[in-house]
Amino acid sequence: MIIHCHINDYSSQHISADYWADHWTERYYNVTMASKEGQQKLRILLFGLQGSGVSSTANTIVGEARFQTGLEFKPVTTYCKREACEVFGRKVEIIDTPGFPNEINVDTVNNAFSSLKLGFEMLAPGPNVFLLILPIQRYSDDSKLMVECLDKYDDIRRHVIVIFTCLDKVEQSLEKTKQDVIASESLRELLQFASGRFVLFNNRITDRNQVKNLLGIAEEVVMKNRSNCIDSRIFNERSAIEMNRIVDGKNETWGAFVLKKFKSKMQHFIN
């Protein structure tokens with residue numbers, strides 16, 4: 001079972017039954033690409049904290065284990081991987097990415113975003129849906145930093161759907177969990193970043209309805225954005241400089257905190 005939520009509702013145009021049957025794809029999504037094959041394709045990129053279930057989520061969407069997963073002390077996914085499939089009659093291309101690093105510094109973050117840019121290029125002309133994967137029980141400072149970095153790249157927020165994983169570890173109803181997410185002060189900025197779009201996802205069950213419901217939200221994202229995608233040209237020098245400034249600021253803050261704690265302990269030892 002899956003519960004999804006939109007804080008913002010989207011309007012849809014009325015289409016007659018006959019027209020729906022003959023021209024549903026072209027009118028409903030306002031597609032501008034030339035080929036019908038391109039019109040029917042969802043291009044989905046997954047990105048999130050390392051170890052948050054990015055590859056498992058990709059496998060759940062595809063319906064089989066095409067992406068490597070496992071419990072490792074180091075990240076299992078070390079490069080972008082693309083898979084094409086058909087899900088509920090919809091042609092889908094999926095990119096699994098290495099994700100946002102657990103050891104954060106300018107070099108590791110830049111490497112992560114270099115891989116992200118490659119994922120965009122592998123989904124040419126670009127993804128039209130960006131799935132941001134986060135474990136439901138851990139919205140950490142690293143998660144917040146990741147969202148801050150992503151927000152420096154134009155257009156990503158218009159295509160984002162947040163997927164909260166690890167629902168199997170939550171000992172309450174999905175409805176209660178959904179209400180807790182909506183009411184959470186700590187998640188407010190995250191939900192604003194994603195225009196209120198989030199999904200509660202369980203990768204340990206085989207219920208395909210959760211994938212069907214996720215694709216429904218993805219279709220709405222495509223429709224709202226008039227089938228426009230996120231262009232890889234967002235990865236420019238200006239965005240990289242702003243992102244690096246955020247990471248440097250975080251490291252400086254953490255370094256000052258550690259130094260303060262060290263001085264406090266030394267003072268206590270001297271006294």
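A salt bridge here is a side-chain nitrogen of Lys or Arg within 4 Å of a carboxyl oxygen of Asp or Glu. Keep that in mind for several of the views below, and keep in mind too that this is a predicted model.

**View 1. D154 and R238 join up in a salt bridge.** The closest N and O atoms of the two residues are 3.1 Å apart. This contact ties together distant parts of the chain: D154 sits in the loop between helix 5 and strand 6, while R238 belongs to helix 9, 84 residues away. Neither end is hidden from view: D154 is partly exposed, with a relative accessible area of 40%, and R238 is partly exposed as well, at 39%. Across the whole structure, a search turns up 15 salt bridges.

**View 2. Helix 6 carries a salt bridge between K178 and E175.** The N-to-O distance for this pair is 3.3 Å. Both residues lie in helix 6, which covers residues 174–183, and they are 3 residues apart, or about one turn of the helix. What sets the labels for the two partners is their relative accessibility: K178 has 15%, so K178 counts as buried, whereas E175 has 39% and counts as partly exposed.

**View 3. D180 and K176 make another salt bridge in helix 6.** Here N and O come to 2.9 Å. The spacing along the chain is 4 residues, again about one turn of the helix. D180 is partly exposed with a relative accessible area of 34%, and K176 is partly exposed at 43%.

**View 4. Y153 and F235 form a tilted aromatic pair.** The structure holds 7 aromatic pairs. In this one, the ring centres are 5.1 Å apart and the planes make an angle of 45 degrees. The pair bridges distant parts of the chain, with Y153 in the loop between helix 5 (141–150) and strand 6 (160–165) and F235 in the loop between helix 8 (209–224) and helix 9 (237–270), 82 residues apart. Both rings belong to buried residues. Zoom out a little and you'll find Y153 and F235 in one aromatic cluster with F47, F113, F120 and F130.

**View 5. F164 and F198 meet as an aromatic pair.** Their ring centres are 6.0 Å apart and their planes stand at 70 degrees, so the pair is edge-to-face. F164 comes from strand 6 and F198 from strand 7 (residues 198–200), 34 residues apart, so to speak a link between distant parts of the chain. F164 and F198 are both buried.

**View 6. Helix 4 keeps its buried residues on one face.** This helix runs over residues 106–122, 17 residues in all, and spans 24 Å from its first C-alpha to its last, close to the 24 Å expected. The buried residues are V109, A112, F113, L116, G119 and F120. Seen down the helix axis, they fall within an arc of 105 degrees, so they line one face of the helix. On the other side, D107 and N111 are exposed. Look at the start of the helix as well: a side-chain oxygen of N105 reaches to within 3.0 Å of the backbone nitrogen of D107.

**View 7. K81 takes part in two kinds of contact.** K81 lies over the face of F67, at 5.7 Å from the ring centre. K81 is also linked with E64, R66 and E83 in a network of salt bridges.

Technical notes
Residues numbered from 1 in each chain as written. Predicted model: local features only at pLDDT ≥ 70, side-chain atom pairs only at ≥ 80, totals over all residues. Heavy atoms only, no water. Phe/Tyr/Trp six-rings, centres within 6.5 Å; stacked < 30°, edge-to-face > 60°. Helix = DSSP H or I, 4+ residues; strand = E, 2+ residues; numbered from the N terminus. Buried < 20%, exposed > 50% of the residue type's maximum accessible area, 1.4 Å probe, protein only. Lys NZ or Arg CZ within 6 Å of the ring centre and 35° of its normal. Expected span 1.5 Å × (residues − 1). Arc of directions from axis to C-beta. Polar contact = N/O pair within 3.5 Å; in protein donor to acceptor, adjacent residues only side chain to side chain.
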